[in-house]
Amino acid sequence: MSQRIYIPCDTTALSLGADQLAEAIQQEITQRGLDATIVRNGSRGMLWLEPLVEVDTAQGRVGYGAVSAQQVSELFDAGMLEGNQQHESCIGLVEDHPFLKKQQRLTFARSGITDPVSIEDYIALDGFNGLKNAIAMQPQNIVDEVKTSGLRGRGGAAFPTGIKWQTVLDTPSEQKYIVCNADEGDSGTFADRLVMECDPLMLIEGMTIAGLAVHATQGYIYLRSEYPVAHKLLNEAIERAYKAGYLGEDILGSGKRFDLEVRLGAGAYICGEETSLLDSLEGKRGLVRAKPPLPAIVGLFGQPTVVNNVLSFAAVPYIMDKGGQSYADYGMGRSRGTLPLQLAGNVKQGGLVELAFGISLRELMEDFGGGTLTGKPLKAVQVGGPLGAYLPASQWDTPVDYEEFAAVGAVLGHGGVVMFDETVDMGEQARFSMEFCKVESCGKCTPCRIGSTRGVEVIDRIRNGENANANWVLLEDLCETMVDGSLCAMGGMTPFPVQSVMKYFPEELSASR
Amino acid sequence: MTVGKEWTEQSIQLIIDGLKHKPGAMLPILHAIQNEIGYIPEKAVAQIAESLLQTRAEVHGVISFYHHFRTTPPGKHTIEICRAEACQAVGCRSLEAHAKQSLGIDYHQTTANRQFSLEPVYCLGNCATGPSIRIDDDIHGRVSLERFDELVASHQQDMKEVG
């Protein structure tokens with residue numbers, strides 16, 4: 001059999017030259033007359049090592065990290081295809097790498113191992129087992145299994161997924177919808193992207209199960225336009241799933257129907273808010289709706305709709321395959337299962353870390369992240385995207401858990417961890433939070449629309465030393481107004497990073513006070 | 001993305017007619033037009049409005065709401081620079097200053113030779129290997145100032161080839 005060489009095809013690998021690398025390797029294979037085939041796999045999530053080339057050997061898959069096209073000839077000379085581990089780029093057996101070995105991968109179990117759009121590869125590693133089980137079950141039993149798992153919405157709000165599904169199941173309607181929120185706009189997050197680029201069939205399976213659970217026959221994946229690679233791979237995976245009978249009017253001969261379509265967003269952060277997303281899907285401006293009514297009752301086109309994040313749907317195939325209890329066995333307190341965390345920003349070993357809830361932020365940043373990229377001391381970390389607080393060293397022992405984070409005034413959100421070294425100007429970061437809200441506010445409610453503009457102005461005055469004390473009080477007041485008075489989390493949480501800077505790094509916001 | 005392609009009212013109508021049956025067809029139609037022509041021409045607004053039984057104000061409202069849609073022709077290549085936090089932590093502020101200076105334009109502008117348009121973007125999802133930029137549909141990571149200049153130069157060349 002032809003030897004296989006794996007080169008990832010996800011955005012990060014491509015952004016670091018994976019296509020050029022694949023070309024160079026193909027050329028080398030041809031020139032040397034070797035019997036080897038290139039497989040474009042997904043990413044293992046060890047993103048600092050991209051492009052990570054793997055070769056099949058008798059011992060297992062041996063990896064070579066951060067390989068450039070220029071190094072190919074030299075690597076072939078050094079016995080890469082024999083799995084020679086002497087070369088400095090070699091990381092040994094990939095599965096034994098400590099970054100991977102210490103993880104508890106349920107959702108990302110296949111990521112990087114398989115060709116993302118290969119149905120054969122997917123099935124060989126437990127793919128569609130959950131769907132097969134679900135087809136044989138009553139909708140109520142599927143919902144009960146998800147409830148047992150304790151799964152909470154992974155988009156950030158952490159609402160129990162099973163309860164949401166129950167509401168949609170209990171609301172009678174001719175037409176119901178399954179909508180996947182793939183508008184992953186938080187800086188520092190890329191777990192949704194990795195699911196869609198590295199294991200898109202898992203998302204398709206999870207959404208199909210949701211459809212069976214609540215009697216919905218149409219699904220939409222609302223994908224941000226900033227993800228062209230995910231767009232291409234999702235469409236390819238959906239097309240193949242249709243051909244193989246996993247989507248369409250007669251799923252696996254069950255007589256049950258589920259159709260799925262990808263819809264592109266258009267560069268509006270607010271459309272990650274579920275009601276704004278629904279308006280956008282309906283073809284309107286992405287304005288936030290007042291709740292109630294809940295989307296589970298009056299959702300897309302006024303019909304009962306399940307809206308879940310990519311990671312929530314992606315957790316479902318495991319739950320339906322191995323059972324809700326086996327998922328719930330991971331985690332702590334009311335945070336059950338695993339959370340795919342994302343190490344980003346100024347980090348030496350950035351990437352995806354899937355772990356049961358409970359690890360401390362410090363362990364995550366030091367043991368997995370290996371500290372900062374620049375080697376300078378770590379100063380602040382923003383968890384949970386642009387609406388999350390900046391945490392100083394005193395908070396880094398907080399365990400990763402929804403309730404523990406809330407207790408220190410922070411949010412876990414979608415699990416993004418953005419690290420900053422000592423050169424960061426926290427005053428500038430506070431200003432950016434307001435500036436971002438000013439650019440991205442949907443404009444429907446006043447505290448968010450006008451508050452963010454005034455927020456930028458007040459912070460500028462404080463930073464310039466104009467009436468710093470009075471303006472400080474004004475900023476505190478403005479933050480409170482936005483938190484209490486905004487319609488959704490955009491205006492309601494934009495003050496969190498600002499308030500955290502005021503609390504933990506006051507001297508950097510105003511030297512003149 | 002095909003940029004600067006010729007269009008007629010008929011070619012736009014063809015795009016609209018191919019998609020208008022979809023539920024919530026507005027965004028798919030706008031994407032398809034912009035993919036084909038590079039922007040949404042003003043004339044298309046009336047056509048979309050009529051085809052979807054909406055007012056021109058509604059169509060305009062949708063176009064102006066989303067950062068992605070543009071109503072003027074872009075340069076041959078669109079460069080988007082990520083301004084979000086993860087890229088800030090690894091130096092995107094100096095990258096954006098460098099980009100503006102070396103291209104001689106600000107955000108939302110196009111170079112005089114029509115080669116490049118510059119846009120901000122808030123996250124490309126490449127947050128572990130920033131600073132990140134996107135040129136057309138290609139995303140690039142770990143973009144140092146030197147790497148930026150190389151990428152710009154390699155996209156200048158194809159202009160000379162064309163003529």
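Student: Which residue stands opposite Ile5(A) in strand 3 of chain A?

Tutor: That's Val55(A). Bear in mind that we're looking at a predicted model. Val55(A) also has a partner in strand 4 of chain A, where Val62(A) stands opposite.

Student: What makes strand 1 and strand 3 of chain A a pair?

Tutor: Count the bridges. Pairing takes at least two bridges, and strand 1 (residues 3-6) and strand 3 (residues 53-57) of chain A have two, so they count as paired. The sense is antiparallel. Strand 3 of chain A also pairs with strand 4 (residues 60-64) of chain A, again in the antiparallel sense, over five bridges. A hairpin of two residues makes the connection from strand 3 to strand 4 of chain A.

Student: How do you know whether the radius of gyration of chain A agrees with that of a compact globule?

Tutor: Set the value against the rule. For 513 residues, a compact globule would come out near 24 Å, and chain A has 24 Å, so the two agree. Along the principal axes, the C-alpha atoms of chain A fill a box of roughly 75 × 60 × 40 Å. Buried residues account for 58% of chain A, and its secondary structure comes to 22 helices and 16 strands.

Student: How many domains' worth of bounds should I keep in mind for chain A, and what are they?

Tutor: The assignment gives domain 1 (3-101), domain 2 (119-328), domain 3 (331-421) and domain 4 (426-509). Take domain 1 and domain 2 of chain A: their C-alpha centres lie 33 Å apart, and six residues of domain 1 are in contact with six residues of domain 2. On the domain 1 side, those residues divide into one nonpolar, four polar and one charged.

Student: Over to chain B. Where does UniProt place the feature "binding site"?

Tutor: The UniProt record, an unreviewed entry, puts it at Cys82(B), Cys87(B), Cys123(B) and Cys127(B).

Student: Why say that these residues gather at one spot?

Tutor: They span 46 residues in sequence, yet no two of their C-alpha atoms are more than 9.6 Å apart, so they gather at one spot.

Student: Why is Cys82(B) called buried?

Tutor: The cut-off is 20 or more other C-beta atoms within 10 Å. Cys82(B) has 29, so it's buried. Cys87(B) has 32 C-beta neighbours inside 10 Å, so that one counts as buried too.

Student: Where do Cys82(B) and Cys87(B) sit in the secondary structure?

Tutor: Cys82(B) is in strand 1 (residues 77-82) of chain B, while Cys87(B) is in helix 5 (residues 85-88) of chain B. Leaving aside neighbours within four places in sequence, Cys82(B) is in contact with several residues, including Cys87(B), Cys92(B) and Cys123(B). With the same kind of neighbours left out, the contacts of Cys87(B) include Cys82(B), Cys92(B) and Gly130(B).

Student: What about Cys92(B): is that residue buried or exposed?

Tutor: Buried. Cys92(B) has 23 C-beta neighbours inside 10 Å, and 20 is enough. Cys92(B) lies in helix 6 (residues 92-103) of chain B. Cys92(B) and Ile81(B) are 11 residues apart in sequence and 8.0 Å apart in space, C-alpha to C-alpha.

Student: What is the bridge partner of Cys82(B) in strand 3 of chain B?

Tutor: Val121(B). Strand 1 of chain B runs parallel to strand 3 (residues 116-121) of chain B, and six bridges join them. Both belong to an open sheet of five strands in chain B, in the order 2-3-1-4-5, with mixed pairing.

Student: Why are strand 2 (109-110) and strand 5 of chain B called edge strands?

Tutor: Each pairs on one side only.

Student: And which element of chain B gives the most to the side that touches chain A?

Tutor: Here 34 residues of chain B are in contact with 48 residues of chain A. Helix 2 of chain B gives the most to that side, with four residues. Helix 5 of chain B is among the elements that supply at least two. By residue type, the chain B side divides into 20 nonpolar, 11 polar and three charged.

Conventions
Residues are numbered from 1 along each chain as its sequence is written. Chains are lettered from A and ligands numbered from 1 in the order in which they are written. This is a predicted model: local features need pLDDT of at least 70, side-chain atom pairs count only at pLDDT 80 or more; totals for chains, interfaces and linings use all residues. UniProt positions are given in the numbering used here, feature names are shortened, and annotations may be inferred rather than shown by experiment. A residue is buried if 20 or more other C-beta atoms lie within 10 Å of its own, exposed if 12 or fewer, and partly exposed in between; C-beta atoms are placed from the backbone. Two residues are in contact if their C-beta atoms, placed from the backbone, lie within 7 Å. Domain bounds come from an automatic or database domain assignment. Ala, Val, Leu, Ile, Met, Phe, Trp, Tyr, Cys and Pro count as nonpolar, Asp, Glu, Lys and Arg as charged, and the others, Gly among them, as polar. The radius of gyration is taken over C-alpha atoms; the globule rule is 2.2 Å times the number of residues to the power 0.38.
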